[in-house]
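Reader: I'd like a close look at one part of this protein, the small open sheet and what sits around it. Could you walk me through that piece slowly, strand by strand?

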Amino acid sequence: MTTREINQGRKCIKWGYGHCPHCHSAFKVNQDAVRFFMRHHGDAVLFMLCPACESVYDSSTQQERSDLQNACLDNIKNCTGNRSQFACTTLLTVAINHGDYAAALENGIGSVDRSTYEQLIRSDEALIFANGALVHWERLPDAMSTPNSQASGDEQNLN
Ligand SMILES: [Zn+2]
């Protein structure tokens, strides 16, 4: 894989494939490939690794894992082409795509524009999606704590 091919973006990748943020090799993305995540406001950015880097990561020490994570971030930051090629998505995007990681990578968050997305992840009184429609979500009272009553749904098992 040459840099030029990588920089052409998603067009040169097969559907459901992404580039490993560590070694740039293309691989078929799936939930099991997620090795680490970063919080991003109310969302979490999920990083998937190719099978080779996955096994390196799994057998690494905490420090080595941290170094590998930083290398991934540097690769993404230094990418001059289309960053959507990387095998990274967000928890919200996966939920919107019914738990399908390949669809999350391909479709993103569909018709949601950037400012709507920013609203979604930043606001305490956020918007949520119910059957494709945006619904205002009232903030839950801080003081209330009834165990299990407000457990978040497991949206990844919708399909
Ligand atoms: Zn890799």
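Author: Sure. Keep in mind that this is a predicted model, and let's start with the whole chain before zooming in. Of the 159 residues in the protein, 24% are buried. It has six helices and seven strands, and along the sequence they come in the pattern α-β-β-β-β-α-α-β-α-α-α-β-β. If you take the contacts between residues at least 6 apart in sequence, 56% of them join residues at least 24 apart.

Now to the sheet. Three strands make it up, in the order β3-β4-β5, and the sheet is open with antiparallel pairing. The edges are taken by β3 (34–40) and β5 (88–90); each has a single partner strand, so one side of each is left without a neighbour in the sheet. From one strand to the next, the twist averages 25 degrees. As background, strands of a sheet pair through backbone hydrogen bonds, either parallel or antiparallel.

Take the β3 side to begin with. Six bridges hold β3 and β4 in antiparallel pairing, and one facing pair to look for is His 40 opposite Asp 43 in β4. The two strands form a hairpin with two residues between them, and there His 41 takes a positive phi near 50 degrees.

Over on the other side, strand β4 (residues 43–48) is joined to β5 by three bridges, again antiparallel. Here Leu 46 stands opposite Thr 89 in β5.

Val 45 is a handy residue to click on, since it belongs to strand β4. Leaving out neighbours within four places in sequence, its contacts are Phe 37, Met 38, His 40, Cys 88 and Thr 90. Val 45 and Thr 90 are 45 residues apart in sequence, yet their C-alpha atoms are 4.3 Å apart in space. Is Val 45 buried, partly exposed or exposed? It has 17 other C-beta atoms within 10 Å, so it counts as partly exposed; a buried residue would need 20 or more.

From the sheet we can move on to the nonpolar core. The largest one has 26 residues, and Val 29, Met 48, Leu 49 and Ala 87 have the most contacts inside it. Strand β4 comes back here: along with α3 (62–77), α4 (91–96) and α5 (101–107), it supplies at least two residues of this core. The largest share, five residues, comes from α4.

Val 29 is worth a stop of its own. Not counting residues up to four places away in sequence, Val 29 touches Gly 16, Tyr 17, Gly 18, Met 48, Ala 87, Tyr 101, Ala 102 and Leu 105. Two of those partners, Met 48 and Ala 87, are also on the list of residues with the most contacts inside the core.

Finally, have a look at Lys 28, which is in strand β2 (residues 26–28). With the residues up to four places away set aside, Lys 28 touches Gly 16 and Tyr 17, and both of these appear among the partners of Val 29 too. Lys 28 has 16 C-beta neighbours inside 10 Å, so this residue is partly exposed. Its C-alpha lies 7.9 Å from that of Ala 102, although Lys 28 and Ala 102 are 74 residues apart in sequence.

Conventions:
Residues are numbered from 1 along each chain as its sequence is written. This is a predicted model: local features need pLDDT of at least 70, side-chain atom pairs count only at pLDDT 80 or more; totals for chains, interfaces and linings use all residues. Two strands pair if DSSP finds at least two bridges between them. Helices (H or I, at least four residues) and strands (E, at least two) are DSSP runs, numbered from the N terminus. Axes are lines fitted to C-alpha atoms, for helices over the stretch in contact, and angles run from 0 to 180 degrees between N-to-C directions. A nonpolar core is a set of buried Ala, Val, Leu, Ile, Met, Phe, Trp, Tyr and Cys residues joined through C-beta atoms within 7 Å. A residue is buried if 20 or more other C-beta atoms lie within 10 Å of its own, exposed if 12 or fewer, and partly exposed in between; C-beta atoms are placed from the backbone. Two residues are in contact if their C-beta atoms, placed from the backbone, lie within 7 Å.
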